[in-house]
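Me: Could you take a close look at the part of this model around the ligand, and then walk me outward from there through the charged pairs, the cysteines and the odd spots in the backbone? Plain talk is fine.

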Amino acid sequence: MAVDRLKVCAAILASGNGSNAENILRHARAYPSKISIPLLITNNPEAYVITRARNLGVPCEVIPRGSSKHMQEGRILKALVENGITHIFLAGYMQILGTQFIDAYPDRIINIHPSLLPAFPGRDAYGDAFNANVPESGVTLHYVDEGVDTGPIIAQKKFARLPDDTLETFRARGLQLEHEIYREYIDTLVRSEAA
Ligand code: GRF
């Protein structure tokens with residue numbers, strides 16, 4: 001049965017526009033027997049990613065933080081376990097994960113960060129890099145640990161800052177690389193985990 005051959009069963013966690021989430025979902029469809037993504041979770045009831053998930057026919061659960069991060073993460077973990085999730089792809093998920101969460105998926109939580117880590121960790125990396133006038137910036141795919149954007153690096157891609165760049169053009173070029181690096185990661189993952 002096809003399901004038995006699936007080794008990567010991923011969930012996406014996202015908080016906003018969801019371009020990375022859509023990119024991942026579309027790319028994973030190139031490997032229907034090797035990777036499934038049966039669930040998207042957002043902590044933001046207003047997020048456009050909810051619409052993207054619906055358009056792609058992917059179940060989306062909205063689990064806001066509310067008054068207790070511990071309870072929220074417990075609900076998320078329950079949904080992950082119920083769906084047999086093996087890997088978690090963070091795609092613009094704007095919340096730091098707690099220890100119970102990270103311990104449940106050691107080396108299986110991946111994040112995309114829009115800078116060349118360790119430079120410019122934190123919430124506004126494009127803005128911080130742009131305002132620092134760096135000649136080049138980039139994006140980093142990394143495993144998640146308990147720090148803020150400190151986990152082991154999987155891959156990085158660089159782009160030059162152009163003389164006429166605005167923050168918007170700078171960000172847009174970086175976002176294309178975010179999508180590219182996640183696609184390449186999925187290509188590698190399905191080859192190594194689900195051959
Ligand atoms: C991306 O730049 C991501 O790296 C950052 O937030 C942005 C999310 O974009 N953490 P999207 O929601 O995937 O379009």
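Reply: Around the ligand you find Asn-17, Gly-18, Ser-19, Asn-20, Gly-92, Met-94, Ile-112, Pro-114, Tyr-126 and Glu-178. Keep in mind that this is a predicted model.

Look at the ligand's oxygen atoms next. One of the contacts comes from the backbone of Asn-17, where an N or O atom sits 3.4 Å from a ligand oxygen. Asn-20 also uses its backbone, with an N or O atom 2.9 Å from an oxygen of the ligand. Glu-178 brings in its side chain instead: an N or O atom there is 2.8 Å from a ligand oxygen. As for how covered the ligand is, it would expose 370 Å² taken alone, and the protein buries 82% of that.

Now for the charged pairs. The model has seven salt bridges, and a few are worth a visit. Start with Arg-26 and Glu-22, whose closest N and O atoms are 2.8 Å apart. Both belong to helix 2 (residues 19-28), and because they are four residues apart there, about one helical turn separates them. Glu-22 counts as buried, at 18% relative accessibility. The pair isn't on its own either: Glu-22, Arg-26 and Arg-52 are joined in a network of salt bridges.

A second salt bridge runs between Glu-136 and Lys-158, with 3.7 Å between the closest N and O atoms. Glu-136 is in strand 6 (residues 136-143) and Lys-158 is in strand 7 (residues 153-160), so this pair ties together parts that are 22 residues apart in sequence. Glu-136 is partly exposed at 38% relative accessibility, while Lys-158 is exposed, with a relative accessible area of 56%.

Strand 7 turns up again in the salt bridge between Glu-180 and Lys-157, at 3.3 Å from N to O. Here Glu-180 sits in helix 7 (residues 167-193) and Lys-157 in strand 7, so the link joins distant parts of the chain, 23 residues apart. Glu-180 counts as partly exposed at 29% relative accessibility. Lys-157, on the other hand, is buried, with a relative accessible area of 18%.

On to the cysteines. There are zero disulfides in the model. Cys-9 is in none, and the nearest cysteine sulfur, belonging to Cys-60, is 16 Å away. Why doesn't Cys-60 form a bond with Cys-9? Because the sulfur of Cys-60 is 16 Å from the one in Cys-9, the closest cysteine sulfur to it, and that is too far for a bond. A disulfide would need the two sulfur atoms within 2.5 Å. The surroundings of these two cysteines can be put into numbers as well: Cys-9 is buried, with a relative accessible area of 13%, whereas Cys-60 counts as partly exposed at 26% relative accessibility.

Let's move to a pair of strands. Strand 1 (residues 8-14) and strand 2 (residues 35-42) pair in the parallel sense, over six bridges. To find the pairing in the viewer, go to Val-8 and look across to its bridge partner in strand 2, Ile-35. Strand 2 is mostly covered, with seven of its eight residues buried.

That leaves the backbone oddities. First up is a cis peptide bond between Leu-117 and Pro-118, with omega at about 15°. Pro-118 is in the loop between strand 5 (109-113) and helix 6 (125-131).

Then there are the positive phi angles. Asp-107 has a phi of about 60° although it is not a glycine. You'll find Asp-107 in the loop between helix 5 (99-104) and strand 5. At 59% relative accessibility, Asp-107 counts as exposed.

Asp-149 is another non-glycine with a positive phi, about 60°. The loop between strand 6 and strand 7 is where Asp-149 lies. Asp-149 is buried, at 16% relative accessibility.

If you want a route through the viewer, begin at the ligand with Asn-17, Asn-20 and Glu-178 among the residues around it. Carry on to the salt-bridge network of Glu-22, Arg-26 and Arg-52. Finish at the cis bond between Leu-117 and Pro-118.

Conventions
Residues numbered from 1 in each chain as written. Predicted model: local features only at pLDDT ≥ 70, side-chain atom pairs only at ≥ 80, totals over all residues. Heavy atoms only, no water. Salt bridge = Lys/Arg side-chain N within 4 Å of Asp/Glu carboxyl O. Helix = DSSP H or I, 4+ residues; strand = E, 2+ residues; numbered from the N terminus. Buried < 20%, exposed > 50% of the residue type's maximum accessible area, 1.4 Å probe, protein only. Near = heavy atom within 4 Å. Polar contact = N/O pair within 3.5 Å; in protein donor to acceptor, adjacent residues only side chain to side chain. Areas by Shrake-Rupley, 256 points an atom, 1.4 Å probe, with all protein chains shown as cover. Pairing = 2+ DSSP bridges.
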